[in-house]
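Hi everyone, thanks for making time this morning. I'd like to walk you through one model, so please have the sequence and the 3D view open.

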Amino acid sequence: MKQTIFLASLMLLAINAMAFSPLKKGAFETGQYRNLLVDIGYSQADVDAKLKEVFNDVFRGPNKVYFEVGDTMGYVSDVKNHDARTEGMSYGMMIAVQFGEKDIFDRLWRWSKKYMQHQDGPRKGYFAWSCKTDGTRNAEGAASDGELYFITALIFASNRWGDNTGINYKAEAQNILNCIQPKEYTPEPRQGGFPGFGPQQTGPQKMYLIDPETQLITFTPDGFGQRFTDPSYHIPAFYEVWARWADDGRSDYWNQCAQKSREFLHKCINEKTGLNGDQCQYDGSEMQMPRFPGMPQRPEGAAPRRNGNNNFRYDSWRVPMNITLDYEWSCADGEWQRHYAETIQNFFYSQGVDTFVDQYRTDGSLPEGNEILQAGGFRKLRHSIGLVATVAAASMMCSHQKSKEFVDAFWRAKHEPFDDGYFDAYYDGLLRLFAFMHLSGNYRIITPQQ
């Protein structure tokens, strides 16, 4: 009996060792995807059922965030904020094309094009980042991650379904790619925009999604927001998709952007904790708190005012999952990415696999007061399933056995309201779905159909 138990233990260790063995090549080269959930012991039937359940939670269940409009359109809503955002619309399109849900994809694209995308003027081709659910714009400006996902999802749709089924997906992607190139404009007086940023610049300016000097994605492609970037907007493998299949004549440039983005991620992440701030300078350094006219001087000797944007919080949750995607698809920076994944998992392990909270300073200490970013009317640190999801997804890069504990905790986690009533069906729900796609080998490069 003891010998049987011993042999079973050895077999389990061998299976785990194989499951967490490093990738040597990415799916661009191999066309293969690891189903880590099955590799560590979950049955294929259970994994398929879980993935279907989580998809339905987002798109069809009682707490869905996807809503159809008439016969041809639909939108994804940040329900707690009563709006539709380019983030959610483009995520929804990426998920739809991954699952082969053409009707959902086409509905989301039609809504995005009709209500969000500027068809003329200096912002032509860009998307208003937030709209009411009736399509009325809350702001005119763009948030750059939306364009990043729209372009990639449209290219995948072209590869999967062709361009002769009612929407010329590739032409739509190429139109955005052409419009995001640097162009001069004179800004109108500000009437809304991305919240929280300072005085408007005046006079002729350049508008661009990718900063020409650094080749890094902007936080917003106009005004103050293009002076810096957001680490969670960096998905180098998306640029490789553009280089391969956009057919826009810029392949070398997009491959260079991919490499610059990988180099940037090395700089913006704390080496000891693996944490990054929500925004940062293009050189990876922290954001500096601007001093606007009329702000009182700080008393001599007072501690510097903390900029909460330098903390690891909601946007930052996406970084482990985005690096995972680049690792799985490209593996061009595999050694660093594996080290990063184990570093950030080691940090969260030290905080407790079932108890770590969702916001930290990058040195691992807890934020205080207004540094804690509120959501849904609450300003509170939580053990949020969205972050549980992305930290578990990073297990795809890891070799240490702690990774299985994160995956198992994620599998067990329930997406349900907290005791105080807070519930985020939108952001938590989408990140949860993306993570299950990664862990089951179902977040894939969609190549042209033969």
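Let me begin with what I mean by a contact: two residues touch when they have heavy atoms within 4.5 Å of each other. Please also keep in mind that this is a predicted model.

With that in hand, go to arginine 432. You'll find this residue in helix α15, which covers residues 427-439. Which residues does arginine 432 touch, leaving aside those up to four places away in sequence? The list is Glu53, Val54, Asp57, Ile385, Ala389, Phe410 and His415. Take valine 54 from that list: arginine 432 and valine 54 are 378 residues apart in sequence, yet their C-alpha atoms are 7.6 Å apart in space. Is arginine 432 buried or exposed? Its relative accessible area is 4%, and the cut-off for buried is under 20%, so arginine 432 counts as buried.

Phe410, one of those contacts, brings us to helix α14. The buried residues of α14 are Ser403, Phe406, Val407, Asp408, Ala409, Phe410 and Trp411. What do they pack against? Their partners are α3 (36-39), α4 (44-59), α12, α13 and α15.

Now for the charged pairs. Side chains of opposite charge can pair when their charged atoms come close. How many salt bridges are there in this model? The count comes to 28, and I'll pick out a few.

My first pick is lysine 113 with glutamate 172, whose side chains meet in a salt bridge at 2.6 Å, N to O. This pair links distant parts of the chain: lysine 113 is in helix α6 (residues 102-116) and glutamate 172 is in helix α8 (residues 169-179), 59 residues apart. Lysine 113 is partly exposed, at 30% relative accessibility, whereas glutamate 172 is buried, at 13%.

Next, please find arginine 318 and aspartate 145. Their side chains form a salt bridge of 3.6 Å, N to O. Here the link runs between helix α11 (residues 318-329), which holds arginine 318, and helix α7 (residues 144-161), which holds aspartate 145; the two residues are 173 apart in sequence. Why do we call both partners buried? Arginine 318 has a relative accessible area of 2% and aspartate 145 has 5%, so each falls under the 20% cut-off.

The pair I'd show you after that sits in loops. Aspartate 420 forms a salt bridge with lysine 380, with 3.4 Å between the closest N and O atoms. Aspartate 420 lies in the loop between α14 (402-412) and α15, and lysine 380 in the loop between α12 (334-351) and α13 (385-393), with 40 residues separating the two in sequence. Both count as partly exposed, aspartate 420 at 31% and lysine 380 at 40%. There is also a network: salt bridges with shared partners join Asp78, Lys80, Asp83, Arg85 and Asp424.

Let's turn to the strands. In what order do the strands of the sheet come? There are 4 of them, arranged β1-β2-β3-β4 in an open sheet with antiparallel pairing. The edges are β1 (66-69) and β4 (130-132), each of which pairs on one side only. From one strand to the next, the twist averages 45 degrees.

Looking closer, β1 and β2 are antiparallel and joined by 4 bridges. One to find on your screen is tyrosine 66, whose bridge partner in β2 is valine 76. These two strands make a hairpin with 3 residues between them, and glycine 70 in the turn has a positive phi of about 60 degrees.

On to the neighbouring pairing: 2 bridges connect β2 (residues 73-78) with β3 (residues 83-85), again antiparallel. Aspartate 78 has aspartate 83 in β3 as its bridge partner, and you may recall that both belong to the salt-bridge network. Helix α5 (residues 86-99) lies across β2 and β3, at about 65 degrees to β3.

Last, since someone at the bench always asks about cysteines: how many disulfides does a search of the whole structure find? The answer is 0. Among the cysteines, cysteine 179 is buried at 9% relative accessibility, and cysteine 331 is buried at 11%.

That's my tour, and I'm happy to take questions.

Key. Residues numbered from 1 in each chain as written. Predicted model: local features only at pLDDT ≥ 70, side-chain atom pairs only at ≥ 80, totals over all residues. Heavy atoms only, no water. Buried < 20%, exposed > 50% of the residue type's maximum accessible area, 1.4 Å probe, protein only. Salt bridge = Lys/Arg side-chain N within 4 Å of Asp/Glu carboxyl O. Pairing = 2+ DSSP bridges. Axes fitted to C-alpha atoms, helices over the stretch in contact; angles between N-to-C directions. Disulfide = S-S within 2.5 Å.
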